[in-house]
2 protein chains.
Amino acid sequence: MILKPIEFVKDKVIILDQTKLPQKVVFLKLGNYEDVVRAIKEMKIRGAPAIGVTAAYGIALGAQKIITKNKDDFHSQLNHILSTFQATRPTAVNLFRAVNRMKQIAQRNTDIDLIKTALQAEARRIHREEETASEALSQIGSQLVENGFTILTHCNTGSLATASYGTALGIIKAAWKQGKKINVIATETRPLLQGARLTTWELIQEGIPATLIVDSAAGYLMSQGKVNCVILGADRIAANGDVANKIGTYTLAVLATENGIPFYVAAPTSTIDLSIASGDEIPIEERDFKEVTHIEDKPIAPEGVKTANPAFDITPHLYITAIITEKGIVTEPYEFKLRKLVEEVT
Amino acid sequence: MILKPIEFVKDKVIILDQTKLPQKVVFLKLGNYEDVVRAIKEMKIRGAPAIGVTAAYGIALGAQKIITKNKDDFHSQLNHILSTFQATRPTAVNLFRAVNRMKQIAQRNTDIDLIKTALQAEARRIHREEETASEALSQIGSQLVENGFTILTHCNTGSLATASYGTALGIIKAAWKQGKKINVIATETRPLLQGARLTTWELIQEGIPATLIVDSAAGYLMSQGKVNCVILGADRIAANGDVANKIGTYTLAVLATENGIPFYVAAPTSTIDLSIASGDEIPIEERDFKEVTHIEDKPIAPEGVKTANPAFDITPHLYITAIITEKGIVTEPYEFKLRKLVEEVT
């Protein structure tokens, strides 16, 4: 299946609205950067690599629509756009990396029209780089998946999340395409049900056998010997190998460790943030209470109940068997090896 | 709050329909035993102690409605009723204990009218015993809750689940009534959301500060030092102290152990099943896929997706800090101590 969850065509950013899946396949044509900002905030598009790509296209779109001929005015408006995208979501580092790259492109050129063209080119380059990285890491990671394996995964890390092949789900697809007979257990991933809505949908499209479970059934299945490995993605990886990822990841890591099951994190090197020493420093987004108290506008809790709704958690590196990137598979000690990997010229 | 989730009045079993809470408070007047059976299967009434009490009343009601004067015919019809209740749900032992007690009462008497009266009396006795046990265990368990504690609980173990004061939630209420300033974190408890719908509702009624979270956020909050202890209920406790309880319990036990947080199971001794050596022998109910793929008839997953939906899991006793019963608090070694407790004459 060739699924294009993000495209930049002429003067529109086109995204597949992931909040409508799997019931409806709706593409949104976003004609101005504010709509792109809103789509990211409302998680119509989500997943660390996909957010980075979408923000880059959104910035290119925003720049294209600036009508001034005055350079200072142009840069002032562009800076506003850049900082608006920067403030959409706090945890995934791909967003900040994309915004910074776009900022540098704008600073490197002087002519307004040249900047506009260069921003588009840079956005497309970010997209292509993510595609290349995710294909490479999928092939590399698929070595760890043996014939007959049942793989547990969390949230959605496929084409929808990455604007390309996928990370954890990319590995699963690659193993399947190699003819390995595998089964996938997908956690539903409350509150926004990316596992139930998106991962099972992608797996069904590929014909890969999938079983959907509620999040809290994962531990029991692991304890019953029904899981051979856990593979999931990352929103940000600190220099020491600590991983910020969808809420519930830490829980799965502890359970996998307790049951002697390999726990793999799959992420492009664009997700590694060497400026952050450990997971303690990664900001965790607290999202709206309604995600917990409602399911698609339907209340499931008493009115006025207090909630805590952290969208991500931190998994200390000690629980992680390996981090799978497009440049290779990294194991402990992460500190040294991740730095080497990121700084390596490919 | 005096909440009566189950009553037997004249020729009706009256239950509070827990599938409608918290949006609607609906009492169902069930005039024949088949309706009581259905209410248990459909989880309009749930929670191990409450299922036992409801089944006992349902059997008394069924017996009352048998119109034959022929003793063999009466016993044949009654046996059918007994085995129908026995087959409603497989995991909670209180159900089987109640059915067995009712069966013994029927065998002990000869006159049909006497049996009918004795069955009603026995059902009321089972109910009263559960009330007395849950009040006692709540008082005993409240010693473990210190002023300022934040307690994490799972599923619903209050008045709704026990037809009385509650088990884990009973302990929380008792501690609160003693003037201890406590906070409760309630997991939503997918798939049927007993935490979101019932526990927060009961806590709000009592005025106890409560925070609702998705199940997979529990681990992160524990790792952040935000939980002082975990208290939850049990559906069946094996002779060695292994506990069958709502799916997700094992996960919380592993997480609590990993984070050095006390993990308490609160249950009346009627939940202990000495005939079962370990948790491996406890049957785990697999419930309908629709509980996972739908939320109140609304699909949240692609049509036709395969699911696994175990309603309970097994927590090995090694993860359990203590089991709180109406006869006292039990710690390792459970094997010997649980037997002593159950066989003790009070």
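Let me start with one pair of side chains, those of Glu285(A) and Arg89(A), which in this predicted model come together in a salt bridge, with 2.9 Å from N to O. When we look across the whole interface between domain 1 of chain A and domain 2 of chain A, the rule finds 1 salt bridge, while for polar contacts it finds 22 residue pairs, both residues of each pair being at pLDDT 80 or more.

So that everyone can place these domains, chain A is divided into domain 1, covering 6–135, and domain 2, covering 139–345. Taken over C-alpha atoms, the centres of the two are separated by 25 Å, and where the domains touch, 31 residues of domain 1 are in contact with 33 residues of domain 2.

How much area is buried between domain 1 and domain 2 of chain A? It is about 2600 Å², and carbon and sulfur atoms give 54% of that. On the domain 1 side, the residues that lose the most area to domain 2 are Arg46(A), Thr91(A) and Ser134(A), which together account for 22% of what that side buries.

Now let me turn to the helices on that side. In chain A, α2 (48–64), α4 (93–108) and α5 (112–142) each supply at least two residues to the side of domain 1 that touches domain 2, and of the contributors to that side it is α5(A) that gives the most, with 6 residues. Sorted by class, the side of domain 1 that touches domain 2 has 16 nonpolar residues, together with 7 polar and 8 charged ones.

Terms used:
Residues numbered from 1 in each chain as written. Chains lettered and ligands numbered in written order. Predicted model: local features only at pLDDT ≥ 70, side-chain atom pairs only at ≥ 80, totals over all residues. Heavy atoms only, no water. Domains from an automatic or database assignment. Contact = heavy atoms within 4.5 Å. Buried area = accessible area lost by both parts, 1.4 Å probe. Salt bridge = Lys/Arg side-chain N within 4 Å of Asp/Glu carboxyl O. Polar contact = N/O pair within 3.5 Å; in protein donor to acceptor, adjacent residues only side chain to side chain. Helix = DSSP H or I, 4+ residues; strand = E, 2+ residues; numbered from the N terminus. Nonpolar A, V, L, I, M, F, W, Y, C, P; charged D, E, K, R; others polar.
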